[in-house]
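The following exercises concern helix packing and the surroundings of one side chain. Each task is followed by a worked solution.

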Amino acid sequence: MTKASPLVFGRHTGHEQVVFCHDAGSGLRAIIALHSTALGPALGGTRFYPYESEDAALEDVLHLSHGMTYKNALAGLDHGGGKAVIIGDPELDKSETLLRAYGRFVQSLGGRYITACDVGTYVADMDVVARESRWVTGRSPAEGGAGDSSVLTAFGVFQGMRAVAERLWDGTSLAGRRVGIAGVGKVGSKLTGLLLDEGASVVVTDVSEHALDQLRTAHPQIDVVGDATELLGAGIDVYAPCALGGALDDDTMTLLTEGRVAAVCGGANNQLAHAGIEKSLDDAGILYAPDYVVNSGGVIQVADELHGFSFDRAKAKATKIFDTTREIFQLAADDGVPPAVAADRLAERRISAVSRLRDVYLGG
């Protein structure tokens, strides 16, 4: 195995370090990006995905790790932002050898990066990675871990929706509202259950027929449509993107407006396809709950594992996503800016305030 070779992008991207990992024997090709360690060791999941090229993988990991810095800051965690991607098809390329090779690269960073699950990786995978590295969370309860982090991710998105309801309607209940969920995998399926229990109606779409069949079996009262275009025209009050990033682009903006959708609040990372979409949403009167705020329940869950996992303690922290989302909506209104801008400002304030303490000398 070759050693991980660091590549510092510095001012070009604002990232502290980007590491390209390659192990010919296992077929591992991975990139680990550390955006910031100002608040502490970088924490973020490992995505296993068949990227078209290494450049596409690099663009994704840089974007995702930047988002983790802000997510961890607003979640109140003492962690900076990091992310990793493994290039390949998890259904075909994943193996014990590859995951263990990846674990050695994580270990080689000496605790600057702590990994967890993401798209294409699961609790069982983290157990394998942890055989080579101590800097792994999201492991199984049998291995002393927190288990499936999508439980609190979905719960956090639900808390964000309660804040949306309070801002737009009377009270925090989603009862009687219609929510459209795009992507019903680990997070979207759990969010569906929470909304139905609340008395909301739910319409969903997914590219996986298997995921849809499973959800129909569990919740036969849901409506299923063919794609996101149909979903946005299905008379929904809230749009919840819960698949991959970039869901909010110019075409989607048109559909949101035509469909008279009141708000966007979902579990997907990096929902804004490009700069300016947040202003378009605001100008159209569509309330946007910033993704990295409302989907932070999962990282709260895996971060708690580092201190000896307590589900009740982690859930109590994730419940505060409601308060943070509410605060962001109020800041946005007070400052006359979109909620995404208000969220960035709030995160940057905490990062600046806490990182400043490093300049304070502690005697002893």
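**Exercise 1.** Which residues of helix H7 (residues 209-218) are buried?

*Solution.* This is a predicted model, in which local features need pLDDT of at least 70, side-chain atom pairs count only at pLDDT 80 or more, and totals for chains, interfaces and linings use all residues. Residues are numbered from 1 along each chain as its sequence is written, and side-chain values use heavy atoms, without hydrogens and water.

Step 1. Ala-211, Leu-212 and Leu-215 are buried in H7 (under 20% relative accessible area, 1.4 Å probe, protein chains only; exposed means over 50%).

Step 2. Viewed down the axis of H7, the buried residues fall within an arc of 95°, so they line one face of the helix. The arc is taken from the directions from the helix axis to the C-beta atoms.

Step 3. His-210, Gln-214 and Thr-217 are exposed on the face turned away from the buried side of H7.

**Exercise 2.** Describe the surroundings of Thr-153 in helix H5 (residues 150-168).

*Solution.* Step 1. Thr-153 counts as buried because its relative accessibility is 9%.

Step 2. The Thr-153 side chain reaches the backbone oxygen of Ser-149 at 2.9 Å. A polar atom of this side chain also lies 3.2 Å from the backbone nitrogen of Gly-298.

Step 3. Not counting residues up to four places away in sequence, Thr-153 touches Val-187, Val-294, Asn-295, Gly-297 and Gly-298 (heavy atoms within 4.5 Å).

Note on methods:
Polar contact = N/O pair within 3.5 Å; in protein donor to acceptor, adjacent residues only side chain to side chain. Helix = DSSP H or I, 4+ residues; strand = E, 2+ residues; numbered from the N terminus.
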